[in-house]
Amino acid sequence: MSGGGAWQGNIKARLYERVRERGFDSLTAFANARLAVPLHLLADELGNDVAAVQLLSGLLYEAEQNKQVTRFVRDVLVRELAEGLPNGWPPNLDDSNRFEVAMALGRWSAYTPETHEERVRQVRKVLLASPPPPGWRPLGPDDELLRTLLPDEGA
């Protein structure tokens, strides 16, 4: 978890300096090398003066520049599911499991850009109405089921 230093200085420069120190030329390349790792853990890897929301914002910016926002949205879902459902999709949606699923999907929704909010609402409804197989745990944004539920623009 980041300390107060995360909000001091040039945040953007700090993020890019940290990923370059690790051999990556972009935040996206850094994140792609760590598929399904929750955002707060990625931020922690970059230092205690980096907040997950800063990394998220930078990743969204890069996705917008590269016209890959839908892939970004899928990537965030994968990371939220990895954190909230570490053993994969539950075999049944009893009250406890439904709560865990709702928390993961809720966090994902909160991080969704305005342009994709309606599509995300539709995906949430489908996942709850027709759950994936028990144990399903997407390992990245190119997961076949996720690409079916949330295809890239123009696909």
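Axes here are lines fitted to C-alpha atoms, for helices over the stretch in contact, and angles run from 0 to 180 degrees between N-to-C directions. Helices are DSSP runs (H or I, at least four residues), numbered from the N terminus.

This is a predicted model, where local features need pLDDT of at least 70 and side-chain atom pairs count only at pLDDT 80 or more, while totals for chains, interfaces and linings use all residues. Residues are numbered from 1 along each chain as its sequence is written, and side-chain values use heavy atoms, with hydrogens and water left out.

**Exercise 1. Work out how H6 and H7 lie against each other.**

Step 1: find the two helices, H6 at residues 95-110 and H7 at residues 117-129. Their axes come within 11 Å and cross at roughly 165 degrees.

Step 2: classify the angle. Under 35 degrees counts as roughly parallel, over 145 as roughly antiparallel, 65 to 115 as roughly perpendicular and the rest as oblique. So H6 is roughly antiparallel to H7.

Step 3: pick out who touches whom, with contact meaning heavy atoms within 4.5 Å. H6 brings Arg-98, Val-101, Leu-105, Trp-108 and Ser-109, and H7 brings Val-120, Val-123, Arg-124, Leu-127 and Leu-128.

Step 4: sort them by class. Ala, Val, Leu, Ile, Met, Phe, Trp, Tyr, Cys and Pro count as nonpolar, Asp, Glu, Lys and Arg as charged, and the others, Gly among them, as polar. For H6 with H7 you get seven nonpolar, one polar and two charged residues.

**Exercise 2. Do the same for H4 and H5.**

Step 1: look at H4 on its own. Its 14 residues reach 20 Å from first C-alpha to last, close to the 20 Å expected at 1.5 Å a residue; the expected span is 1.5 Å times one less than the number of residues.

Step 2: bring in H5. The axes of H4 and H5 come within 8 Å and cross at roughly 150 degrees. That angle makes H4 roughly antiparallel to H5.

Step 3: list the contact. Leu-56, Leu-59, Leu-60, Ala-63 and Glu-64 of H4 meet Val-69, Phe-72 and Val-76 of H5. By class, that's seven nonpolar, no polar and one charged residues.

**Exercise 3. Say which residues of H1 are buried, and what covers them.**

Step 1: apply the cut-offs. Buried means under 20% relative accessible area, exposed over 50%, partly exposed in between (1.4 Å probe, protein chains only).

Step 2: go along H1, residues 11-21. Arg-14, Leu-15, Tyr-16, Arg-18 and Val-19 are buried.

Step 3: look for the cover. It includes H2 (27-32), H3 (39-46) and H4 (52-65).

Step 4: step past the helix to Gly-23, which follows H1 and has a positive phi, near 90 degrees.

**Exercise 4. Ala-36 and Lys-67 each have a positive phi: which is buried and which is exposed?**

Step 1: recall the background. Most residues other than glycine have a negative phi.

Step 2: place Ala-36 in the loop between H2 and H3. Its phi is near 70 degrees, and at 10% relative accessibility Ala-36 is buried.

Step 3: turn to Lys-67, in the loop between H4 and H5. Its phi is near 55 degrees, and at 70% relative accessibility Lys-67 is exposed.

**Exercise 5. Find what Ser-26 touches.**

Step 1: spot Ser-26 in the loop between H1 and H2, buried with a relative accessible area of 15%.

Step 2: leave aside its neighbours within four places in sequence. Ser-26 is then in contact with Tyr-16, Val-19 and Glu-62.
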